[in-house]
Amino acid sequence: MAILFRLFKFTLIALITPLTLLACNSLSINKSPSPSNQLESKPLTSLPPIAPKNIEPERIPDAPYLQTPPEVVLRMLEMAKVNKNDVVYDLGSGDGRIVIAAAQKFGARAIGIEIDPELIRESDRESKLAIAKTPEISDRIQFIKQDFFKTDLRDATVITLYLLPQANLRVRSEILPKLKSGTRIISNEYDLGDLPPNQTETIKVGNREYRIYLWILD
Ligand SMILES: C[S@@+](CC[C@H](N)C(=O)[O-])C[C@H]1O[C@@H](n2cnc3c(N)ncnc32)[C@H](O)[C@@H]1O
């Protein structure tokens, strides 16, 4: 009896299962898609492209990032006799220290040209701190992310440099001819090839000596 009952149960299950599957299947095929189904079956709209993070300079800089020590910055600006009538450009302005000092300590208008966007951001941070201490400099300092060989420097009265010998030679041949007579060029470390400077000075900071060169353009 028990065997007969089990046989009956097995036959019943064997018949019901495929019928149930068949019914479900036909339901899902014939059913018109619900709004939620429609949403799911829609192709994904393409996402707007993510702009690459602007962290790289547009080209290899002409000099690596090194900082002029504060004592040397001061002496460079003193030697160039920077004053409130000057327009100072620092070519490759790094963290902005020369620009900020020219405005804060000498009253000049000063512009930093820097190719590295991260250093421009650093300069902006430094400017904010400087402006908090001396608000009057806020409209006298500016930083521009640009290749200084492509910058219009015609209103410059002082140019500061801390580059490499090769870059200085390019500054001499490509930038100096476009500057006004009387413009002072002040360079930390390197000369301008065989162009005789009007003044040089060596200043010791810690164990290191820094050579400063000044030229006054004819
Ligand atoms: C030695 S650091 C001097 C930084 C700052 N002037 C100072 O004295 O502390 C040279 C700087 O020049 C920048 N630089 C190099 N070539 C450049 C170019 N063609 N245009 C703009 N900036 C440049 C570098 O990114 C670097 O920050």
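**Exercise 1. Which residues of helix α3 (residues 70-79) are buried?** Then find how they sit around the axis.

Solution. The model is predicted.
- Step 1. Apply the cut-off: a residue is buried if 20 or more other C-beta atoms lie within 10 Å of its own.
- Step 2. In α3, Val 72, Val 73, Met 76 and Leu 77 are the buried residues.
- Step 3. Their arc around the axis is only 130°, so they lie on the same side of α3.
- Step 4. Look at the cover over these buried residues. It includes α4 (97-106) and the strands β4 (158-161), β5 (184-188), β6 (199-205) and β7 (208-216).

**Exercise 2. Describe how α3 packs against α4.**

Solution.
- Step 1. The two helices pack at an angle of about 60°, and their axes are 10 Å apart.
- Step 2. That angle makes α3 oblique to α4.
- Step 3. The α3 and α4 crossing is right-handed.
- Step 4. List the partners. From α3 come Val 73, Leu 74 and Leu 77; from α4, Arg 97, Ile 98, Ala 101, Ala 102 and Phe 106.
- Step 5. Sort the contact residues of α3 with α4: seven are nonpolar, none is polar and one is charged.

**Exercise 3. Which residue just after α3 takes a positive phi?**

Solution. Check the backbone past the helix. Lys 81 has a positive phi of about 50°.

**Exercise 4. Place α3 in the whole chain.**

Solution.
- Step 1. The chain holds six helices and seven strands.
- Step 2. Their order along the sequence is α-α-α-β-α-β-α-β-β-α-β-β-β.
- Step 3. Of the 218 residues, 28% are buried.
- Step 4. Take contacts between residues at least 6 apart in sequence: 69% of them join residues at least 24 apart.

Note on methods:
Residues numbered from 1 in each chain as written. Predicted model: local features only at pLDDT ≥ 70, side-chain atom pairs only at ≥ 80, totals over all residues. Buried ≥ 20, exposed ≤ 12 C-beta atoms within 10 Å, placed from the backbone. Helix = DSSP H or I, 4+ residues; strand = E, 2+ residues; numbered from the N terminus. Arc of directions from axis to C-beta. Contact = placed C-beta atoms within 7 Å. Axes fitted to C-alpha atoms, helices over the stretch in contact; angles between N-to-C directions. Parallel < 35°, antiparallel > 145°, perpendicular 65-115°, else oblique. Left-handed = near helix turned anticlockwise from the far one by under 90°. Nonpolar A, V, L, I, M, F, W, Y, C, P; charged D, E, K, R; others polar.
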